[in-house]
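Work through these exercises with the structure open beside you. Try each task before you read its solution.

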Amino acid sequence: MGINIVLYQPEIPPNTGNIARSCAITGSRLHLIKPLGFSIDDKHVKRAGLDYWAFLDLEVHESEEAFFEKYGHEKLYFATTKANKYYDEFEFEDNCFIVFGKETSGLPMKKDEHLRSLNLSNSVAIILYEALRQNDFFDLK
């Protein structure tokens, strides 16, 4: 049971560290799609994730193609500023995958270059906790 958080080519170590910490605390699996803008052994990633790394369910994918070959048949949600619905209008199922784009350019899709989004780790936290709320926090209480 749980939520899968997917980071497409993340670039900023502290964001990934913060997200790893949120995933470890909530029992969510973190997926990282390469190339990464840093090493996951980077001290900034480790510092942001504190001592939660040992409790993190982490899966690293060599490419976008490798991720979709393995999980493309699963229930996928894509977090983007170009969506026609807000995150709270979706019903997040158990074991769904919520995909977030890289910090500087988001997901590879058509967009207006003048629009900005929230910080990646903030966006993940907001949507992750909405998905957990909808699933009665999987008895994390």
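The exercises below concern a predicted model.

**Exercise 1. Cysteines**

Task: Find how many disulfides the structure has, and explain the result for C23.

Solution:
- Step 1. Recall the cut-off: the two sulfur atoms of a disulfide lie within 2.5 Å.
- Step 2. Start at C23. The closest cysteine sulfur belongs to C96, and it is 12 Å away.
- Step 3. Compare. That distance is too far for a bond.
- Step 4. Look from the other side. C96 is in no disulfide either.
- Step 5. Conclude. A search of the whole structure gives 0 disulfides.
- Step 6. Check the surroundings. C23 is buried, at 0% relative accessible area. C96 is buried too, at 1%.

**Exercise 2. Helix α1**

Task: Test whether the length of helix α1 agrees with its number of residues, then decide whether the helix is enclosed or open.

Solution:
- Step 1. Take the residues. Helix α1 covers residues 13–26, which makes 14 residues.
- Step 2. Work out the expected span. At 1.5 Å a residue, it should be 20 Å.
- Step 3. Compare with the model. The end C-alpha atoms are 20 Å apart, so the two values agree.
- Step 4. Turn to burial. Of the 14 residues of α1, 10 are buried, so the helix is largely enclosed by the rest of the structure. Among them are I19, A20 and C23.
- Step 5. Find the partners. The buried residues of α1 pack against β1 (4–8), β2 (29–33), α2 (43–49) and α4 (120–134).
- Step 6. Step past the end. G27 follows α1, and its phi is positive, near 75°.

**Exercise 3. Helix α4**

Task: Repeat the length test for α4, and state what its buried residues pack against.

Solution:
- Step 1. Count. α4 has 15 residues, so it should span 21 Å at 1.5 Å a residue.
- Step 2. Compare. Its end C-alpha atoms are 21 Å apart, which agrees.
- Step 3. Pick out buried residues. They include L120, V124, I127, L128 and L132.
- Step 4. Recall the helix rule. An α-helix has 3.6 residues a turn, so residues three or four places apart point the same way.
- Step 5. Name the partners. The buried residues of α4 pack against β1, α1, β4 and β5.
- Step 6. Look beyond the helix. D136 follows α4, with a positive phi near 50°.

**Exercise 4. Nonpolar cores**

Task: Which residues of the largest nonpolar core touch the most other members, and which element supplies the largest share?

Solution:
- Step 1. Start from the general trend. In soluble globular proteins, nonpolar side chains tend to be buried together.
- Step 2. Size the core. The largest nonpolar core has 25 residues.
- Step 3. Find its best-connected members. I3, I5, L7, I19, L30, I98 and F100 touch the most other members.
- Step 4. Trace the suppliers. β1, α1, β2, β5 (97–100) and α4 each give at least two residues.
- Step 5. Find the largest share. α4 supplies it, with 6 residues.
- Step 6. Follow one member. F100 touches residues including I5, L7, L120, V124 and I127.
- Step 7. Look elsewhere. Another core, of 9 residues, lies apart from this one. F67, Y71, L76 and L107 are among its residues.

**Exercise 5. Aromatic rings**

Task: Classify the ring pairs F68–F78 and F90–F92 as stacked, tilted or edge-to-face.

Solution:
- Step 1. Get the total. There are 8 aromatic pairs.
- Step 2. Take F68 and F78. Their centres are 6.4 Å apart, and their planes differ by 25°.
- Step 3. Apply the cut-off. Planes under 30 degrees apart count as stacked, so this pair is stacked.
- Step 4. Place the two rings. F68 is in helix α3 (residues 64–71) and F78 is in strand β4 (residues 76–79), so the pair ties together parts 10 residues apart in sequence.
- Step 5. Check exposure. F68 is partly exposed at 30%, and F78 is partly exposed at 39%.
- Step 6. Take F90 and F92. The centres are 6.3 Å apart with 40° between the planes, and the pair is tilted.
- Step 7. Compare their surroundings. F90 is partly exposed at 26%, whereas F92 is buried at 5%.
- Step 8. Add the charge. The charged end of K85 sits over the ring of F90, 4.7 Å from its centre.
- Step 9. Widen the view. Ring pairs join F67, F68, Y71, F78 and F97 into a cluster.

Terms used. Residues numbered from 1 in each chain as written. Predicted model: local features only at pLDDT ≥ 70, side-chain atom pairs only at ≥ 80, totals over all residues. Heavy atoms only, no water. Buried < 20%, exposed > 50% of the residue type's maximum accessible area, 1.4 Å probe, protein only. Phe/Tyr/Trp six-rings, centres within 6.5 Å; stacked < 30°, edge-to-face > 60°. Helix = DSSP H or I, 4+ residues; strand = E, 2+ residues; numbered from the N terminus. Lys NZ or Arg CZ within 6 Å of the ring centre and 35° of its normal. Expected span 1.5 Å × (residues − 1). Contact = heavy atoms within 4.5 Å. Core = buried A, V, L, I, M, F, W, Y, C linked by side-chain atoms within 4.5 Å.
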